[in-house]
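User: I'd like a close look at one part of this model, with enough context to place it. Keep it casual, but do give me the cut-offs.

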Amino acid sequence: MRLKQRPEDFSVTESWRFDDDHAGPWRVYLMDKQKLTTFEAVDRICTRFKVPRADVTYCGLKDKQGRTTQLVAVRGREVDLQDEDLRLKLMGRSRTPLSARNTTSNRFAVTVRDLSEEDVARLPSAVAEVQRLGVVNYFDSQRFGPLKHGQGFIVKELMRGDFETALKNVIAHPSELDVSNDAKVKQFWKEHWGDWTARNPVPGAERYEAVLKWLKAHPRDYRGALLRTEPRWRALQVFTYQSWLWNEGVRQFLRDVVGIQHLVSIRYQAGSLLFPRELDGDQARRLKGLTFPLLAPGSTFKDPQIQKAALAVLKREDMTLASLAIPATPEIHFDHEERPLFSYPGRLTLGEARPDDLNRGRMKLNVAFTLPPGAYATLVVKRLFWWTLEPGAAKKAAAARAAPKPRPTQKEMHQQRKETGFLAVKRAMKERKQAARDATPKPAQKAAPRARGKKRP
């Protein structure tokens, strides 16, 4: 199973609401973006129109891989952007900035590729399981981009008070997977670390202008430099680590409550995730409507099994709840939040399986559904095709594709020659020509003239 082989394979449309106020200072736009993160799209708006980042708000973060639409608001001025990969359409004005409260739901349309006929045949039972049990509301791989790019959890460096290492990960740690100018900007500062008067000639270096300006005046104040980064980006670093703790805690909780024999494992960027395939009546009642906490120093627990699972993960990390803090930096902090344990896809529909034009000999199909804000569409699809993502499933699938096909029988070869051989081609051409002649209207024939002959005597 493959996702997002083309940008158009993954589409998300945000459903929203805001109070339109013609005198409001915030102009609200529908932002249509492709192959851009929400942060990258906002950066372009700010750079192009010289808008302070604090003057741009949005409802939530949307995937880079795919085509997405969402609301974005700009304070104090009108902007017009119609790039190929980023377009804005004015929707109205608002008296207040946008936030997650403005999103009501998200509708997803996903093309799932590289499927076998067996995968397609197994899908109906998986759909029934999802409709009956829902999907565990984990955070998926896109939440953990820093792990993919080798940066780890930046906030863990901050929690240790190692602000210099954290700042290096922010502005001087180019990813081997990144071929953009941003990687070149970071490579420059990796080679010139400490020389804050050096001029970075790479386009896009202005993204870190506030950080570098601070370092020029305060060369060793790495904490102060980090506080010159965008506040929403700093908050995201905390949330990324909280998300991983949530995933790990829920994994442990499900093992304790459901039992490993009733769970299936699906690999993702930060390890593996566990999903129930069946629940008995007591388990279903126990889990229905339950929430699990995003941890913070002030977290409290009503359910002893949830407390046990959450604290067990912290113990593995050699931490306590009190450890979730940045020394002498109240500007960066952990906040407690309850997250639903399960999400339930609405209006789940499947398209017809068809030959996959990108993966020869395989199938593709479309899946569409609606999710509440904060739930991950990729997890719904992964849960539907869980057997393709089990540990070792990729090797099995590759071996199946590479396995030699059985030699056709003499009868099959004879039939194939009849259908595709030289004579068959000629016969088909002849039939097409005859069909064309039959379809052409024939002109009306004139009556033959009467033969003139000599009169008989």
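How many helices and strands are there in the protein, and which residues have the most contacts inside the largest nonpolar core? That core is the part I want to zoom in on.

Analyst: Quick caveats before the core. This is a predicted model, so local features need pLDDT of at least 70 and side-chain atom pairs count only at pLDDT 80 or more, while totals for chains, interfaces and linings use all residues. Residues are numbered from 1 along each chain as its sequence is written, and side-chain values use heavy atoms, with hydrogens and water left out.

To your first point: the protein has 15 helices and 15 strands, taken as DSSP runs numbered from the N terminus (helices are H or I, at least four residues; strands are E, at least two). Of its 457 residues, 45% are buried, where buried means under 20% relative accessible area with a 1.4 Å probe, counting protein chains only. Take contacts (heavy atoms within 4.5 Å) between residues at least 6 apart in sequence: 73% of them join residues at least 24 apart.

Now the core itself. A nonpolar core here is a set of buried Ala, Val, Leu, Ile, Met, Phe, Trp, Tyr and Cys residues joined through side-chain atoms within 4.5 Å. The largest one has 97 residues, and those with the most contacts inside it are Tyr138, Tyr241, Leu324 and Phe385. Helix H9, residues 231-257, gives the most to this core, with nine residues. As background, nonpolar side chains tend to be buried together in soluble globular proteins.

Tyr138 is a good one to click on. Skipping residues up to four places away in sequence, Tyr138 touches Trp246, Asn247, Val250, Arg251 and Leu254, among others. The list also includes Leu273, Leu274 and Phe275, along with Arg339, Tyr376 and Leu379. There's a second, separate core too, with 19 residues including Tyr29, Phe39, Val51 and Val79.

For contrast, look at Thr57, which sits in strand S3 (residues 56-58). Thr57 counts as buried because its relative accessibility is 10%. A polar atom of the Thr57 side chain lies 3.0 Å from the backbone nitrogen of Leu98. Leaving aside neighbours within four places in sequence, Thr57 is in contact with Trp26, Val72, Ala73, Pro97, Leu98 and Arg232.

Terms used. Buried < 20%, exposed > 50% of the residue type's maximum accessible area, 1.4 Å probe, protein only. Polar contact = N/O pair within 3.5 Å; in protein donor to acceptor, adjacent residues only side chain to side chain.
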